[in-house]
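User: I am new to this structure and would like a close look at a single part of it. Please also place that part within the whole chain.

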Amino acid sequence: MTEKDTTEKVRVRFAPSPTGHLHIGNAHTGLFNWLFARHNGGKFILRIEDTDLERSYAESEKLILEDLKWLGLDWDEGVDIGGPYGPYRQTERLELYRQYAQRLLDEGHAYLCYCTPEELEMERKAALDRGEAPRYGGRCRELTEARRAELERQGRRPAVRFRVPDEVIVVNDLIRGPIEFDSKTIGDFVIMKCDGVPTYNFAVVVDDVHMKITHIIRADEHVANTPRQILLYEALGLPLPKFAHISMILGPDRTKLSKRHGATSVFHYRQAGYLPDAVVNYLALLGWSPENGEEVLTREELVKQFSLDRVGKSPAVFDIAKLNWLNGVYIRQADLKSLTGMAIPYLKNAGLVSEPVTGERFDWLMDVVDSVRGYLDNLSQIPEHAGVFFGDRIDIDDGKARKIISDPETSRVLNLFIKELESLEPFDREAIHTMLLKMPAQLGLSVRKTLMPVRVALTGTTAGPELPNVIFILGRDRSIGRARQALHACS
RNA sequence: GGCCCCGUCGUCUAGUGGCCUAGGACACCGCCCUCUCAAGGCGGCGACACGGAUUCGAAUUCCGUCGGGGCUACCA
């Protein structure tokens, strides 16, 4: 495709089914569509495919929209905001499908089928037993008027079945190249169920045509459906859009990512404190790579660099370890003020802070967040690292820490520490640092032997942020208080 | 079963006939920095599924085998 083709009128759509939260795999497909639209200055359309009445539920649509918004994938037309080709919810477009189905019926491309699910199931099983392909046999393909009337009298409601013509269909996939299918392997398929609701393959075609979709970018699992859809376009005499099938996202066992693999919804990652930019960045790297090999890319860079040419064919395994690393990168780079804002709900949830957090308290919290951000994969981990800065008492229950606190030299160390800290002026990181460095010589001990007891006394553990930072954030009084407590504990 | 897709380090990938004794990133291991743990810096481990063919030359092309996945619904 040339630049001209894609610059002005690119229209892509993301069409999830409202059957739960937004799935990571769907988000991935949505992201690629969004990136393609934004890169080409086109339109990104959100359509809801709710024709599976059994599994769809209204609440899910809201959840999906929220997750999409959180990811920052904004749409130009869609269920909630409307647009020139609405409505954007399939169950509200039933009349349209009915019209197209009627047209197919009138032109002989489709016919009424009165077979019951039970009959079809039996036929299917029989074919399978014979080792044959389980295709619709065509029992209702040439029904006489009399027979039809009789079946109607029995109270049977017909489904509309597409009459598959005999031909070779070629899908010219933008990512995979040409893929051939022989229509002989495809049985006449249902396009309208007996309840008047269209099936997926039919609804997508009608909607994509109607919404003037130019590029269909969707997951790999749909390639086998594409010939059916192409047949439909042909029967309707409509021009084909371009197809681009991206690979699916797999679990560690290399099967389609699903609940079995653990957390697969965008919502889960959102709750766990992953940053939307990090999730977007990570997802973009699954099946696509930028020319320069960069791994950390802003949303803008992603949009600027995205191209279908650089999308790979092989499926990718969702690797939480790499997402964690990338999220850590974003946490470390984030603007401290907004990061603190994002961290508050997690601290609040752990009972460490109570809202509202304003003024000096917020500034103090920024110091806290800044001192522990280096430890985090995600924000939900912040309470366990920031916990040391809260409360007056600390527990020393870690074995290594107990050993250090019970060392005979510890009381000398702590007494000096308390004395020095009491008179320290000014009380800032710089001065604390200098004070700390003077202590070993004063005590005739190694730096380690001096500072480790202080650390344990103040935090209860042997690991944590830099000591001057800990002392400064804790403040003079609480630092001294904790040191005294520890002193009692070791005597 | 039939049809289709896919196959480079454990994982994400670069690579479109010679630039590849295959590059990067995550993970892992080691070293440095350091009161500690992270972070960071440096280094290490580690792959072209297999077999043929084409070619002076193949990760790159073709065929086959094997492996994985998807579709084959009045699910999407």
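Analyst: In this predicted model, chain A is divided into domain 1, covering residues 93-246, and domain 2, covering residues 391-490. Between the centres of domain 1 and domain 2, taken over C-alpha atoms, lie 75 Å.

The overall dimensions of the chain come next. The C-alpha trace of chain A spans about 105 × 50 × 40 Å along its principal axes. Its radius of gyration is 32 Å, whereas a compact globule of 491 residues would have one near 23 Å. Chain A contains 21 helices and 12 strands, and 49% of its 491 residues count as buried. About 23,600 Å² of chain A is exposed, with carbon and sulfur atoms supplying 51% of that area. Among the contacts in chain A with a separation of 6 or more, 74% are between residues 24 or more positions apart. The chain carries 64 positive and 71 negative charges, and the mean positions of the two sets are 2 Å apart.

The part to look at closely is helix H8, residues 226-236. This helix is mostly covered, with 9 of its 11 residues buried. At its start, Thr-226 and Pro-227 are buried. Further along, Gln-229, Ile-230, Leu-231, Leu-232 and Tyr-233 are buried as well. Ala-235 and Leu-236 complete the buried set. In an α-helix, residues three or four places apart point the same way, because there are 3.6 residues a turn. After H8 comes Gly-237, which has a positive phi, near 70 degrees.

Notes:
Residues numbered from 1 in each chain as written. Chains lettered and ligands numbered in written order. Predicted model: local features only at pLDDT ≥ 70, side-chain atom pairs only at ≥ 80, totals over all residues. Heavy atoms only, no water. Helix = DSSP H or I, 4+ residues; strand = E, 2+ residues; numbered from the N terminus. Rg over C-alpha atoms; globule rule 2.2 N^0.38 Å. Buried < 20%, exposed > 50% of the residue type's maximum accessible area, 1.4 Å probe, protein only. Contact = heavy atoms within 4.5 Å. Areas by Shrake-Rupley, 256 points an atom, 1.4 Å probe, with all protein chains shown as cover. Lys, Arg positive; Asp, Glu negative; His and termini not counted. Charge placed at Lys NZ, Arg CZ, Asp CG, Glu CD. Domains from an automatic or database assignment.
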